[in-house]
Amino acid sequence: MTRKRLKVMNLLLVLLLLWNPIVLWQYYQSMVIAFLLTITIVSIGLAISRVRSLRLKVWAFNLVTIASILFHAEVIFTMVYAYKEIPNLYELHGKYYFNKPYLDQQFNDPEFVTRYKTNCQGYRVDDLSSQEQKIEKCDWLFIGDSYTQGAQVEYNQLFSSLIYKDFPDKVIVNAGISGAGLYDELNYFKDKGKKLSPKVVFLQIGAFNDFMNIREHQPSLQDYIMEWSALYRYFEYNIANSDELPLGRWTEPFFPNKEDNIDNNIFFKQTSDYKEADKRAFKESISEFKKEVESIGGKLVLIFIPSKEQISPELLKEVLDEYNISKEEIDLSIPNKLCQSVANALGVELYDLTTEFRQSNSFPFFTHDEHMNVVGHQLIAERIVKELSSISGGYDYLSEGNYHERYPTIYADGTMVYQSQTEHYYTINRLNVNNGNREELWRGVSELVHPMISNDGRYLVFTEGEQESLNTDVILYDFFKGHQVAINKKPAKGAIPCVNKSATKIAFPSWTMNHTTPCIVLYDIVTGRQTQFEDGVECWRPVFSNDDQHIYYIQKETQDSHFVIKSYDIATGKKCVVLKHPYDIWDIAVSPSGKYIAYAGNKNTNWDLFIYDMEQKQSRQITHTLGDEWDPVFGISDNELWFAGVFGINDGIYHIKLKK
């Protein structure tokens, strides 16, 4: 009987081992992972088969069988019932959670539909941004729980995104973490936030749940299972989680029973040792936060967000009636006073949003969901902009959002031509900088970049194609005739065209796929004839002098050197170096007077804007930000620049007045 049982068990074990590789391959879609796990399972099986004790063999066999059943259940759930899967949005980092990198989720709720996308670091990005885009440093860092995270609104509706429109020269990072407590946020800052070297850290505090259970998170086995198992998350959220919402919404910090209110409700006057310990922990955590922020030369600012009950008498009455709480038992000002007391004691600023939320004409929260709607985010943004108005920079933000807008060109009639894009196509647009009216001039599914219109308004010239692979053409479109042509002669490629002031010639870099070192081509618009010049090394970004007699361009002096600015005399062919630095120069533009050249310089591994005085032979740096500024162009005078830039996640076209 014993031998028969052993034979049956061994047979079942063999079948189990044969089945596992198939399941592993279907689940992981990776030969390497499937192979390694299969080897592990086979090793376990061989080890079990060598066990002589029947009791141990049965115990080990049962353990392996149970593990296999659970694994198969996980595979079946993720493959067959994928539509029921609750996405894992967070990663456990020891004592805190943080947003998972490379997320691209859509949240569908009766009250909102949003897209939630994160970069390789777990920070939220807009729809068009590359998830590989990293943020190394920032000016301002916003830390908080789901109220800061704002997954219930679109990226451009977040209060941190709205603030950027008034402070476009700042790199702003939103590090909101759903469900995070004060110590979770503190541990995030110690681990990741500090590395961003923020000058100001804004710590969001909410009356909803930031005054209870204030303690450091200790990871458990359940945390790890929750992170890795979709089946367990489904079970936990839909079956094991039996939380009831008597009012159809979350009502923290109010609870149905008095004991919970005494221990956890910050509004409840009656207190306990548990609640008093939370109050002390609140002050201690803020104090430690301040110490950590100041250790890197930063400044801590507190932002207080009230609860629904603090701003709505109707919702307050509703929860008091349902939970049998009298008005005499509560004091809605307790968390505000506690925050102010801690802020005063530690010498930090506090932005209390209670008044703004109460006076708002529109309710700043969703009806059932406990989070802020678009109005709430707008109120926070307006308050912070008001508080920080004295340090507002000199940039004007001309873009309406992150549409990768670049290469502005300004015209005498007050219009600006520039490139833009959406998630599905590329465009060339024209903006009236005086009244804000926008007009789409061109649309396509291929990249459309470097647009420019001739001064007489007749011609539109731009680059079309794949920039990264150098497979681009220069397109010339005649508005009068409605005719377009690629002016680079096949098989040559071209990019970054510039029309001269008299609208008779176009200069552009050109190359072939076999010989990728570009030369500069001059194209005659009327005759179609082409001439070219080259230096044997890379030449880019040609622009005409105001008298159309010279071409300024950037060129490498040698194969391994930095880019310098050179000039080319169209009549004589003479070339000379105009400006060189021990760093790369790019994106040049000539001022209306012809006295200055604006350019982007990569001085300290960061692109900033510079002005070169050709008479005095002197350069001065115009921008000094953490962001990258490039594509400068003068307006109708020498006193102002338009340019493109990238500031962390945010980008667009900007305007600045130059100081003399």
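Helices, as named here, are DSSP runs of H or I with at least four residues, numbered from the N terminus. With that in hand, welcome to this predicted model. Asparagine 265 makes a good starting point, sitting in the loop between α9 (258-264) and α10 (273-294). Buried means under 20% relative accessible area, and asparagine 265, at 0%, counts as buried. Setting aside residues up to four places away in sequence, asparagine 265 touches Pro253, Phe254, Asp260 and Lys275.

**A second loop residue**

Leucine 398 also belongs to a loop, the one between β11 (396-397) and β12 (406-410). Its relative accessibility is 16%, so leucine 398 counts as buried. Beyond its neighbours within four places in sequence, leucine 398 is in contact with several residues, including Met416, Leu431, Trp642 and Tyr654. Val433 is another of these contacts; leucine 398 and valine 433 are 35 residues apart in sequence, with 8.2 Å from C-alpha to C-alpha.

**Two helices that cross**

How do helix α5 (residues 159-166) and helix α15 (residues 374-387) cross? Their axes come within 8 Å and cross at roughly 40°, so the two helices are oblique to each other. The crossing of α5 past α15 is right-handed. On the α5 side, Phe159, Leu162, Ile163 and Asp166 take part, meeting His377, Gln378, Ile380, Ala381, Ile384 and Val385 of α15. Sorted by kind, the residues of this contact are seven nonpolar, two polar and one charged.

Helix α5 is largely enclosed by the rest of the structure, because six of its eight residues are buried. Those buried residues are Phe159, Ser160, Ser161, Leu162, Ile163 and Tyr164.

**Rings in pairs**

Across the whole structure, a search finds 34 aromatic pairs. Here are two of them, both stacked.

| Pair | Centre to centre | Angle between planes |
|---|---|---|
| Phenylalanine 98 and tyrosine 188 | 4.9 Å | 10° |
| Phenylalanine 533 and tyrosine 568 | 3.7 Å | 15° |

Phenylalanine 98 is in strand β2 (residues 96-99) and tyrosine 188 in helix α6 (residues 182-191), so this pair ties together parts 90 residues apart in sequence. Phenylalanine 98 is buried at 1% relative accessible area, and tyrosine 188 is buried at 0%.

The other pair joins strand β24 (residues 530-533), home of phenylalanine 533, to strand β27 (residues 563-569), home of tyrosine 568, so parts 35 residues apart in sequence are tied together. Phenylalanine 533 is buried at 6%, and tyrosine 568 counts as buried at 12%.

Ring pairs also build a cluster from Tyr164, Tyr395, Tyr397, Phe643, Phe647 and Tyr654. Two of these names have appeared above: Tyr164 is a buried residue of α5, and Tyr654 is in contact with leucine 398.

Methods:
Residues are numbered from 1 along each chain as its sequence is written. This is a predicted model: local features need pLDDT of at least 70, side-chain atom pairs count only at pLDDT 80 or more; totals for chains, interfaces and linings use all residues. Side-chain values use heavy atoms; hydrogens and water are left out. Buried means under 20% relative accessible area, exposed over 50%, partly exposed in between (1.4 Å probe, protein chains only). Contact means heavy atoms within 4.5 Å. Axes are lines fitted to C-alpha atoms, for helices over the stretch in contact, and angles run from 0 to 180 degrees between N-to-C directions. Angles under 35 degrees count as roughly parallel, over 145 as roughly antiparallel, 65 to 115 as roughly perpendicular and the rest as oblique. A crossing is left-handed if the near helix is turned anticlockwise from the far one by less than a right angle, and right-handed if clockwise. Ala, Val, Leu, Ile, Met, Phe, Trp, Tyr, Cys and Pro count as nonpolar, Asp, Glu, Lys and Arg as charged, and the others, Gly among them, as polar. Rings of Phe, Tyr and Trp (its six-membered ring) pair if their centres lie within 6.5 Å; planes under 30 degrees apart count as stacked, over 60 as edge-to-face and the rest as tilted.
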